[in-house]
Amino acid sequence: MSKYALGIDFGTLSARALLVDVENGREAGTAVMDYPHGVLDEALPDGTRLPPDWALQHPNDYLECLGRIVPQALEQAGACPCDVIGVGVDFTTCTLIPVTADGTPLCCKAGFEHEKFAYPTLWKHHAAQSQATRMTEIARARHERFIEERGGRVAAEWAIPKIWQALEEAPEIYAQIDRYIEAGDWMVMRLTGAEARSSCLAGYKALWSKRAGYPDDAFFAALDPGLEHVIDEKLSRDVRFVCTRAGVLTDEGAALTGLLPGTPVAVAHSDAHVALPAAGITGKGVMLLVLGTSGCQIVMDDAEREVPGICGVVEDGVIPGLFGYEAGQCCLGDHFGWFVDNCVPASYAREAERLGVSVHQLLTERARALKPGESGLIALDWWNGNRSVLVDADLTGLIVGLTLATKPEDIYRALIEATAYGTRVIIENFEKHGVEVKELRACGGIAQKNDLLMQIYADVLGREIRVARSAQTTALGSAMMGAVAAGAESGGYDDIADAAAHMAGVREGAYRPDTAAHAVYDALYREYVALHDLFGRGGSDVMKRLKEIRGRAHG
């Protein structure tokens, strides 16, 4: 009888459960559910309006999804709870939940439903850019080592800027928050009854390192006296390494999932980072392009190097024994979704309906007919700010070359190309600073479904790209963590490399660059870099001034 590991993937818009045969990686059952509240970026559930750059979620959505998708995945697989040997959980990061002492999200307490600082801040909450900018300035002035380990700048998406924003803007709410916890760690706590802070989540999003721990209290006091003891008062110094067991399902955890009490649960992982072993990556020099609502570029090395503009380097942050380097783009799939939702004529929607395809598919096919450079457009892919290498959420999008002859497919292709140019900036930045990128692999729904985008990436980058075998790579990675949490004695694996050898892999074939297309994209890339540096490195601050004017208009 087959033994299974369960991966539970909490993404930006939905949660997914995947039941995987531990012996061979066969995906036996899966279920997905959209969050009932989605992303709260305009208003709270009661209608309270949110300012610009906010992105919140409702934590009850996570539990509601969990209670539905796990039993559905079991039913689809025809599996019994007794067949599940281990569970792994991943989450978008940094998704930070303010909780009371018993782990209850503050927004779930009576009287706090109307308070925006009582809700989880999603990874793409960028309203703490002011705090991130000041943190960067103070860290540089104090010559804090952590700032160089994390690319030279603090990102608004990270934990401490979000916590500082709450202290500054809502001190009365901040005082009611006993702890802040990453959503992945919170979910593991709900399942096991014990808090186990993940080394991946703490390392990449909360300034922790294996060697030095957190920055000392004096640094936080330099930010604000109220933050002096923020680690001990609001976070935790008890950090557990990924690829290890966090605990086992309690009776409550079993009731939430329909599994058996005592089932091993892995330490939580980031949704992007956990995808590396699921794509068969357990060594250095192989970069994974995670192509989802946002984009991540993650590669491992056996040494620690200072690379400006990245999201960080964490020892054992992805798997034990290697330094995991992360960079990213704040907007990828969201980019294309925004365009389809807001900028495509009704005639295109009618044509897509007539053909029985989505608007995305229609635009992809029309964009496919264009030659590189034919649109006459070039874009900066900053619709949601820039994560790497500029680390600035106040930057915004740009399209150059629009004319009265410009069609939607021209813009759609230019947006795809822009994300590829942004990826090339990131790869070249890694290599310039000594981190080898000798091979590219890709995962995510976009990598699986959009062959035009993948070919454009290969052409822009001038590199071969292979795609992960699984269409559900992050959930598979979490299932692999569950198999390792169970261990070989229970039918799983004692290390993640063994799990990857049996459960992971890539598809046959690869996307290979076209020489002629690459030559054209080389010329276009030079124009992209010129615009990138002009608007991103201080040549023109018009984007930031426009955001300031918008902020004043919103009051």
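Which residues form a negative surface patch? They are Glu489, Asp494, Asp495 and Asp498. Before I go on, a reminder that this is a predicted model. Of those four, take Asp495. Asp495 sits in the loop between α18, residues 473-486, and α19, residues 496-503. Its relative accessible area is 33%, so Asp495 is partly exposed. Members of such a patch need over 30% relative accessible area and no salt bridge.

That brings me to the charges that do pair up. The structure holds 35 salt bridges. I will go through three pairs and one network.

The first pair to look at is Lys547 with Asp53. Their side chains meet in a salt bridge, 3.3 Å from N to O. Lys547 belongs to helix α21, residues 542-554, while Asp53 is in the loop between β3 (27-34) and α1 (59-77), so this pair ties together parts that are 494 residues apart in sequence. What about cover? Lys547 has a relative accessible area of 14% and is therefore buried, the limit being under 20%. Asp53, at 29%, counts as partly exposed.

Stay with Asp53 for a moment, since its backbone also deserves a remark. Asp53 is not a glycine, yet it has a positive phi of about 75°.

Next pair: Asp334 and Lys124. The closest N and O atoms of this salt bridge are 3.0 Å apart. Asp334 lies in helix α12, residues 333-343, and Lys124 in the loop between β5 (96-99) and α2 (129-141), so parts that are 210 residues apart in sequence are tied together by the pair. Asp334 counts as partly exposed, with 23% relative accessibility. Lys124 is buried, with a relative accessible area of 16%.

Third pair: Glu157 and Arg387. Here the side chains meet in a salt bridge at 3.1 Å, N to O. Again the pair links distant parts of the chain, 230 residues apart. Glu157 is in the loop between α3 (145-149) and α4 (159-169). Arg387 is in the loop between β16 (378-380) and β17 (398-400). Are these two buried or exposed? Glu157 is buried, at 4% relative accessibility. Arg387 is buried as well, at 8%.

Then the network. Arg145, Glu149, Arg150, Arg211 and Glu304 are linked by salt bridges.

Now the backbone. Which residues are joined by a cis peptide bond with omega of about 0°? Thr93 and Cys94 are. Cys94 is placed in the loop between β4, residues 84-91, and β5. Another cis peptide bond runs from Ser388 to Val389, and its omega is near 10°. Val389 is found in the loop between β16 and β17, which is also where Arg387 of the third pair lies.

One more item on phi. His143 is not a glycine either, and it has a positive phi of about 55°. His143 lies in the loop between α2 and α3. With a relative accessible area of 71%, His143 is exposed, whereas Asp53, with its own positive phi, is partly exposed at 29%.

To recap, in the order I would look at them on screen: the negative patch with Asp495 in it, the salt bridge between Lys547 and Asp53, the buried Glu157 with its partner Arg387, and the cis bond from Ser388 to Val389. That is the end of my part.

Terms used
Residues are numbered from 1 along each chain as its sequence is written. This is a predicted model: local features need pLDDT of at least 70, side-chain atom pairs count only at pLDDT 80 or more; totals for chains, interfaces and linings use all residues. Side-chain values use heavy atoms; hydrogens and water are left out. Patches are made of residues with over 30% relative accessible area and no salt bridge: like charges are joined within 9 Å, nonpolar side chains (Val, Leu, Ile, Met, Phe, Trp, Tyr) within 5 Å. Accessible areas come from the Shrake-Rupley method with a 1.4 Å probe; for residues, only the protein chains shown count as cover. Lys and Arg count as positive and Asp and Glu as negative; His and the chain ends are not counted. The place of a charge is taken as NZ of Lys, CZ of Arg, CG of Asp or CD of Glu. Helices (H or I, at least four residues) and strands (E, at least two) are DSSP runs, numbered from the N terminus. Buried means under 20% relative accessible area, exposed over 50%, partly exposed in between (1.4 Å probe, protein chains only).
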